[in-house]
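Let's take a tour of a protein chain together. Keep the picture handy and look things up as you read.

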Amino acid sequence: MKLSIGALKQETGLSEEVKISYPMADTEFRNEKLTFLGPVLFSGRIKNDGGDFAAAGQVVCDIEATCNRCLDPAKIHLDFLTEIYYSYNAEEKNEKTDEEYLPVDNDEIDLGEGLEREIYIHMPNQILCKEDCKGLCPVCGQNLNHGECRCDNLENTMNPKFQKLKDLKLK
Ligand SMILES: [Zn+2]
Ligand SMILES: [Zn+2]
């Protein structure tokens, strides 16, 4: 989504309120598919900051991904504040400063590209369908959220030491 900053570039300090709902295409993240369950909402301001530009505001979106434990679909709700920087000299800025600048091309900034990057940064480290997801049985692969499987005793099958203890008791 390209936004013109032609009017803002006239003077340092000028800013403009922006409220957009951006339909983000499905994408891949850590080799997993991310599906956006609706547009990404951005509400904030774009400001001329000494000839560079900053888009600052709130990002809200809902994403469907795959639970890292049980492989069922997992819903992720993101809601965060962010600041995205743009510059006519993005390459040079990126070499000289710690901030990461995106380029301004033909007096336009690509807000979609900035939002996508910020969404990746704010994704949880572990994607879970629910906090106490029980995952899959390591033996038979049954999704343990949907019910117990018929594998004997999970601990016995996972840890041979327990098996030995059980044998001792039986003697
Ligand atoms: Zn799960
Ligand atoms: Zn099992």
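How many helices and strands does the protein chain have? There are 4 helices and 9 strands. Keep in mind that this is a predicted model.

If you walk along the sequence, the pattern goes β-β-β-β-β-β-β-α-β-β-α-α-α. Now for the contacts: taking those in the chain with a separation of 6 or more, 52% are between residues 24 or more positions apart. As for burial, the chain has 171 residues, and buried ones make up 18% of them.

**The core**

Here's a handy rule of thumb: in soluble globular proteins, nonpolar side chains tend to be buried together. In this model, the largest nonpolar core has 27 residues. Phe53, Tyr85, Tyr86, Leu102, Ile109 and Leu115 are the ones with the most contacts inside that core. Which elements each supply at least two residues of this core? They are the strands β5 (40-49), β6 (52-66), β7 (73-87) and β8 (101-103), plus the helix α2 (111-121). The largest share comes from β6, which gives 7 residues.

Let's zoom in on Leu102. Skip its neighbours within four places in sequence, and Leu102 is still in contact with Ile84, Tyr85, Tyr86, Ala90, Ile109, Asp110, Glu113 and Gly114.

**Two buried residues**

Next, pick out Cys61 and Ile127. Cys61 lies in strand β6, while Ile127 sits in the loop between α2 and α3 (154-158).

Is Cys61 buried or exposed? Cys61 has 22 C-beta neighbours inside 10 Å, so Cys61 counts as buried. Ile127 counts as buried too, because Ile127 has 20 C-beta neighbours inside 10 Å. The cut-off for being buried is 20 or more.

Who do they touch? Leave out residues up to four places away in sequence, and Cys61 touches Phe36, Val40, Leu41, Leu78 and Ile119. With that kind of neighbour left out for Ile127 as well, its list is Ala65, Thr66, Cys67, Asn68, Ala74 and Ile76.

Each of these two residues also has a partner that is some way off in sequence, and the table gives the C-alpha to C-alpha distance in space for each pair.

| Pair | Apart in sequence | C-alpha to C-alpha |
|---|---|---|
| Cys61 and Ser21 | 40 residues | 9.7 Å |
| Ile127 and Arg69 | 58 residues | 8.2 Å |

Try finding both pairs in the picture: Cys61 with Ser21, then Ile127 with Arg69.

Technical notes
Residues numbered from 1 in each chain as written. Chains lettered and ligands numbered in written order. Predicted model: local features only at pLDDT ≥ 70, side-chain atom pairs only at ≥ 80, totals over all residues. Core = buried A, V, L, I, M, F, W, Y, C linked by C-beta atoms within 7 Å. Buried ≥ 20, exposed ≤ 12 C-beta atoms within 10 Å, placed from the backbone. Contact = placed C-beta atoms within 7 Å.
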